[in-house]
Every structure is written in structure tokens, then in C-alpha cells.
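User: I have a new model to go through with you, and I'd like to take it slowly. Could you first explain the words you will use?

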Amino acid sequence: MKVVSMVTNNNNLICDLETGVCGVSEDDEMEVIDFNQKRKSIDLYYVTDPICSHCWALEPVLRRFVEQYGHYVNFHTIMGGLLEEWAGFADVSNGISSPSDVAGHWREVGEHSRMPIDGTLWLENPIQSSYPPSKVFKVIQKHNGDLANVFLRRAREAVFVFNQNIAEKSVLIAIVNNLGLDGEKIVKEAELSIGQQLLNEDFGLASQLGVRGFPTIILLNEENKGVKIVGSRTLDSYIAGLKQVLNLDELQPKQQPALFSLLEKEQLLFSKEIEVMYDIEQKDISIFAEKELASTAYDAKEILGETYFVMK
């Protein structure tokens, strides 16, 4: 009796994991694989300052970039030290040599960007230094980077929109307390030598990166090659920079989060931020918000001619 072998001449049978069909494989008998290949790692350095008005103007675009393309980068927020003190300070390009000069500049930035800015603080109770909030940021960042970025956002809301002096100890303590942290303890730590030490480390890094103004975003690959984007730019500028550093023609953005999820996370969003995130016109913001936030407890308010939304 003749035994018929069920194995083909090339012994190249396989059961396909996806189809469930067993048969002759079309793959080569042997191929070299490497599971140790490193995923491209891109570091994004965002060099900024709590009282940088153009950084405040950038918030809508930067938020969308992070939401949709953040999975490509390791995000690092770096303090740049905009104003140590007024003695000897001058911003010639913007015509600023004293606190009162800042008010008009801030109003212009607010009107142009539609990220609301009051600015009368500079006439009534001028900020003497941006170092105190920067130090508090660094102390929080030492323990929790995400919470530090939330602090930075709250500090900016306080100073730009609600006209609070974020160099004052009481204001900083209140902001930190609202994050669920011990404001008194953290602000006190920021006033110690560790606060300045952490700040100096950021200044050193910003200098190494060749930063001369804010906002500056630098994208670097593992070979320390990349791009530097200075000033408040369009979303397309940051996407183009990321493509260049990754050496890719196309990126795979994530879907924008639902508005109710975004508002729940951010707690407060201005009309401009929602317009940029979802590509809608200012005139359509109320209808869009009512539709998207139908089941969400929120308030729509207005300040400085701009609508904003807050969680109840």
C-alpha cells in the first residue's frame, strides 16, 4: 500500500492567521526581522513665559497641534525668563521700556488674536517680574508635568483675562490651591533657592537651543537635528515642521476630541479656541456649542467682547 504524503515538495505549508485558510505560503522560507528597531523619537521644546502675550495668542493652535499630533512628540515646556525686573529692561521692537507701555501692546495682541486680554493691570498694579510664577511652574513640574501645564494655563487666564497680578504671592497660592495642591507649601518652596536653580536649568537649555524670543518651538530628532519655529504661527507651520523632522510626507492625526470632553478637561475655553479646534466660524459658535454640549452642565459667558465656556 502506497502512503501519500500531505506535505508538498517545498514543505511550505501555512495556516493564515487572518483568513483561517491553510495552504501553500507565498512568503520566502526565511526572512530577517528585528524587533529592536527604535521608534523615531521627536522632542518638542516649547520655550515660553507666563506673561508672554504672543504665547497666549498661540494657545488655540498649540492645543489643536498637541491634541492631534502629540503622539509623535515628547512635549517639554521650558521657562524662558521674559522679565526678571524692570531695572534695565527694554523691548525696543515693541516700544516697551516701562510697565505702562505693555498695556497698549497687550491690547493689540488681544484684538488681533481674539484671545481676550485686558491689560489695564499694567497701569494699576504692574507685574514687577515673571520669575515668581515661573518658579512655581518649575516646582510643580518637578512632581507632575501635566499639572504644571494646567497651572500655566490658569496663571495665564488670571493675568491676561481676569487682570490678576500673578507675581503676587496670594494670587499664586489661590491658583495652586484650585489645582488641589497645597498652594502655601508650593509657593514657599518656589521662593527657596531650589526655585531659582530649576529656573536656571531651563534658562541654560533655552540658551543651548538658541532661543531669543517667545514663543519658540523646537523639534529635534534623536540625532539632535530638527527645526526651530519662532513666534505664534499657523497650525500648518507646526505640521510642516513635524513632517520635516520625521522625514514623512504624510502624518496620521488623531481625531479632535469631542467638545464636551475637551471642556471637561480644560474647564474653560474661549470661542477662538473652539473655532480653531473644530474649523468653525465665529458666527456659528453658539449653535455648535449648544449641539455639542447638550448634555453637559456649562455656562456661556462673555468678557472683553469674547464668548467663553466654563464647566458648572
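Analyst: Helices (runs of H or I in DSSP, at least four residues) and strands (runs of E, at least two) are numbered from the N terminus. This is a predicted model, so to speak, with residues numbered from 1 along each chain as its sequence is written, and local features need pLDDT of at least 70. Side-chain atom pairs count only at pLDDT 80 or more, totals for chains, interfaces and linings use all residues, and side-chain values use heavy atoms, with hydrogens and water left out.

User: OK, let's start with helix α1, where F65 and Y69 both lie: how many residues apart are they?

Analyst: F65 and Y69 are four residues apart in α1, which is about one turn of the helix.

User: And how are the rings of that aromatic pair placed, centre to centre and between the planes?

Analyst: The rings of F65 and Y69 are stacked, with 5.7 Å from centre to centre and 25° between the planes. Rings of Phe, Tyr and Trp (its six-membered ring) pair if their centres lie within 6.5 Å, and planes under 30 degrees apart count as stacked, over 60 as edge-to-face and the rest as tilted. By this rule the model has 14 aromatic pairs.

User: Switching to sheets, what is the order in the one with four strands?

Analyst: The order is β4-β3-β5-β6, in an open sheet with mixed pairing, where two strands pair if DSSP finds at least two bridges between them. The edges are β4 and β6 (226–230), and each of these pairs on one side only. From one strand to the next, the twist averages 15°, with axes fitted as lines to C-alpha atoms (for helices over the stretch in contact) and angles running from 0 to 180 degrees between N-to-C directions.

User: Which helix packs on that sheet?

Analyst: Helix α9, residues 235–246, packs on the sheet and touches β3, β4, β5 (216–220) and β6, where contact means heavy atoms within 4.5 Å. The direction of α9 makes about 165° with that of β6.

User: How many bridges join β3 to β4?

Analyst: Seven bridges join β3 (residues 42–48) to β4, and these two strands run parallel. One place to look is Y46, whose bridge partner in β4 is T77.

User: Now the sheet of three strands: what is its order?

Analyst: The order there is β7-β9-β8, an open sheet with antiparallel pairing. Since β7 (268–270) and β8 (298–303) stand at the edges with a single partner strand each, one side of each is left without a neighbour in the sheet. The twist in this sheet averages 25° from one strand to the next.

User: Where does β9 meet β7, and how many bridges are there?

Analyst: Three bridges join β7 to β9, residues 306–311. L268 stands opposite V310, and the bridge partner of L269 in β9 is F309. Helix α10 (residues 259–266) packs on this sheet, touching β7, β8 and β9, and its direction makes about 120° with that of β7.

User: And what about β8 and β9?

Analyst: These two strands pair in the antiparallel sense over six bridges. In β9, V310 stands opposite D299, while Y308 stands opposite K301. The two strands form a hairpin with two residues between them, and L304 in the turn has a positive phi of about 55°.

User: Which residue that is not a glycine has a positive phi of about 60°?

Analyst: That is N247, which lies in the loop between α9 and α10. Another backbone detail is the peptide bond from F214 to P215, which is cis with omega near -5°, and P215 is found in the loop between α8 (193–208) and β5.

User: Last topic: which element gives the most to the lining of the largest pocket?

Analyst: Helix α5 gives the most, with nine residues. The elements giving two or more residues to this lining are α1 (53–69), β4 (73–79), α5 (145–161) and α10.
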